[in-house]
Amino acid sequence: MPAGFTMGVATSAFQIEGAILGDGREPSTWDTFMAQPGRIADGSDAAVSTDHYHRYAEDVRLMRELGVDSYRFSLGWSRLQPGGRGQLSRSAVAFYDRLVDELLANGIKPMATLFHWDTPEALQHTGGWLERDTAHRFAEYAFLSGEAFGDRIESWVTVNEPATVTLNGYALGVHAPGATLLFDSLPAAHHQLLGHGLAVEALRAASVTGAIGITNVHSPVQPAGDSEDDALAAELFDIVHNRIYADPVLLGRYPQIPEPFEHLFGFLREIEPADLTAISAPLDFYGLNYYMPTRVAAGSPTDATTPDGQSPVSRQLPFSLKPWPEYPVTGFGWPVAPEFLAVALAEHADRYGDALPPLVITEGGASYPDVVQRDGSIDDEARVLYLAEHLAVAFAGVPGVTLRGYFVWSLLDNWEWTAGFGQRFGLVHVNFETQSRTPKRSFAWLQRLIGGRTR
């Protein structure tokens with residue numbers, strides 16, 4: 001492990017906090033989405049989840065025992081600012097005050113994410129991220145959060161995975177808010193990026209002391225075959241999944257669209273230069289979530305399967321995703337391809353050069369069908385191997401990239417969005433009936449790895 005490398009764990013508010021009716025919290029888009037029949041695979045909801053809202057002190061003790069340097073969590077927008085407007089909730093501020101102070105008391109640096117997918121439902125009623133005003137509402141929320149916690153937060157992430165919100169939430173309908181707009185979802189992408197840029201300005205206006213960045217999920221893309229059509233399809237997927245988000249932030253411009261697909265991106269021709277200036281505000285770090293590569297072929301899919309659920313409208317796409325039979329897969333069926341983490345890092349170095357700030361892997365991990373043994377232990381050998389192989393790549397690094405840390409997703413088994421409780425990513429097993437926590441083999445393995453730095 002390189003000297004000064006940050007090892008952390010990550011979670012998100014909606015997935016672990018529970019207490020969705022507590023202390024004046026109002027619904028988010030995910031509250032509404034999960035209540036719709038058929039949306040969640042196991043029919044569950046996040047009303048209690050891991051009950052972190054009441055058990056945060058126990059979870060911080062687990063982090064201290066693990067030995068991590070930092071904890072990446074998200075502030076619940078609809079908890080802190082019910083309805084997405086006005087002053088922050090005093091009770092919500094008090095909860096996050098307690099959490100942050102508990103982290104600091106245990107020597108753990110807080111990394112706070114302002115938006116991890118839980119848009120206040122009241123803002124969705126006026127269009128959500130399709131509307132420009134949501135970016136300004138987000139900036140207001142960022143400023144107030146900076147005022148409340150800015151003296152104690154080590155690092156800030158403005159927006160988590162705007163690509164996933166746009167593609168799954170607004171284009172394919174498999175995540176909240178469930179819209180199926182395909183390429184007409186592009187305003188949601190731009191307004192999240194604008195919200196990011198305005199939030200950077202707002203946090204600095206609030207005089208926060210911590211570093212500021214954004215996080216996107218990056219998937220290296222490979223054509224399925226040698227044809228020119230497959231190469232064009234792969235380029236298109238790379239644009240809609242990766243470059244539409246990274247290029248404006250790091251270069252101040254949207255990517256060049258291949259001529260055959262220009263008609264799908266008309267919205268981007270209407271962007272004001274001032275928006276791109278705000279979006280490309282200098283950052284202290286750039287967050288990268290890496291899970292898997294993507295193999296793409298030309299032509300529409302023959303079924304409605306996407307990596308995150310079934311989407312009938314996906315059959316209208318001009319490309320299709322193909323499997324990786326040469327790799328083992330996670331519980332989600334995602335390929336385990338650690339060498340593509342190095343590809344992701346190298347692509348950033350090649351594309352952005354001197355404009356690339358230091359990188360942080362803000363999420364990396366895998367879901368597996370963990371089995372509790374008779375003695376109560378969980379021997380998640382596959383997760384140990386996953387982490388070992390990916391951390392080896394991260395520690396080795398690539399030329400042109402300053403990589404400052406790696407955050408394992410996730411500390412706890414949680415409510416995994418549309419998979420409900422059916423996919424477990426945690427280093428710690430959670431019994432969702434009793435709320436008991438049991439560290440897995442991967443927890444003990446990572447604990448030894450981190451502890452070895454002092455020897």
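The paragraphs below lead through a predicted model, beginning with its strands and ending with a few single residues.

A good place to start is the barrel, in which eight strands close up in the order E1-E2-E3-E4-E5-E7-E12-E13, with parallel pairing. From one strand to the next the twist averages 25°. Strands of a sheet pair through backbone hydrogen bonds, and that pairing can be either parallel or antiparallel. Within the barrel, strand E3, made of residues 109-115, can serve as an example, and six of its seven residues are buried. On one side, E3 is joined by five bridges to strand E2, residues 70-74, and the two run parallel; here Tyr-71 has Pro-110 in E3 as its bridge partner. E3 is also joined to strand E4, residues 155-160, by four bridges, again in parallel, and in this pair Met-111 has Ser-155 of E4 as its bridge partner. Elsewhere in the barrel, strand E12 (residues 359-364) and strand E13 (residues 403-409) run parallel and are joined by three bridges, with Leu-359 standing opposite Leu-403 in E13.

The model also holds an open sheet, whose three strands follow the order E6-E8-E11 and whose pairing is mixed. Which strands stand at the edges of this sheet? They are strand E6 (221-223) and strand E11 (319-322), and because each has a single partner strand, one side of each is left without a neighbour in the sheet. In this open sheet the twist from one strand to the next averages 40°. E6 pairs with strand E8, residues 294-298, in the parallel sense over three bridges, and the bridge partner of Pro-223 in E8 is Val-296. Helix H10 packs on the sheet and touches E6, E8 and E11, while its direction makes about 130° with that of E8.

From the strands we can turn to the interior. The largest nonpolar core has 148 residues, of which Phe-73, Leu-75, Trp-156, Phe-265 and Tyr-406 touch the most other members. Helix H10, which spans residues 228-251, gives the most to this core, with eleven residues. To see what surrounds one of these members, take Leu-75: leaving aside its neighbours within four places in sequence, its contacts include Ala-13, Tyr-96, Ala-112, Leu-114, Phe-149 and Trp-156. Another core, of five residues, lies apart from the largest one, and among its members are Ala-135, Ala-139, Leu-194 and Ala-278.

Helix H14, residues 441-451, shows how burial can be arranged around a helix. Its residues Ser-442, Phe-443, Trp-445, Leu-446 and Ile-450 are buried. These residues cover an arc of only 165° around the axis, and therefore they lie on the same side of H14. The elements that cover the buried residues of H14 include strand E1 (6-10), helix H13 (381-396), E13, E14 and strand E15 (437-439).

Several loop residues deserve a closer look, and a general point about the backbone helps here. Most residues other than glycine have a negative phi, and most peptide bonds are trans. Glu-161, however, has a positive phi, near 50°, and its place is in the loop between E4 and H8. Since the relative accessibility of Glu-161 is 5%, and buried means under 20%, this residue counts as buried. Trp-417 likewise has a positive phi, of about 50°, although it is not a glycine, and its place is in the loop between E13 and E14. Trp-417 is buried too, with a relative accessible area of 4%.

Two peptide bonds are also worth finding. The bond from Ala-176 to Pro-177 is cis, with omega near 5°, and Pro-177 belongs to the loop between helix H8 (162-171) and helix H9 (186-205). The bond from Trp-409 to Ser-410 is cis as well, with omega near 10°, and Ser-410 has its place in the loop between E13 and strand E14 (428-430).

Finally, is Ser-49 buried or exposed? This residue is found in the loop between helix H2 (29-34) and helix H3 (52-66), and it counts as buried because its relative accessibility is 2%. Its side chain reaches the backbone oxygen of Gln-15 at 2.4 Å. Beyond its neighbours within four places in sequence, Ser-49 is in contact with residues that include Gln-15, Ile-16 and Gly-18, as well as Asn-414, Trp-415 and Phe-421.

Terms used: Residues are numbered from 1 along each chain as its sequence is written. This is a predicted model: local features need pLDDT of at least 70, side-chain atom pairs count only at pLDDT 80 or more; totals for chains, interfaces and linings use all residues. Side-chain values use heavy atoms; hydrogens and water are left out. Buried means under 20% relative accessible area, exposed over 50%, partly exposed in between (1.4 Å probe, protein chains only). A polar contact is a pair of N or O atoms within 3.5 Å; within protein, one must be able to donate a hydrogen and the other to accept it, and residues adjacent in sequence count only if both atoms are side-chain atoms. Contact means heavy atoms within 4.5 Å. Two strands pair if DSSP finds at least two bridges between them. Axes are lines fitted to C-alpha atoms, for helices over the stretch in contact, and angles run from 0 to 180 degrees between N-to-C directions. The arc is that of the directions from the helix axis to the C-beta atoms. A nonpolar core is a set of buried Ala, Val, Leu, Ile, Met, Phe, Trp, Tyr and Cys residues joined through side-chain atoms within 4.5 Å.
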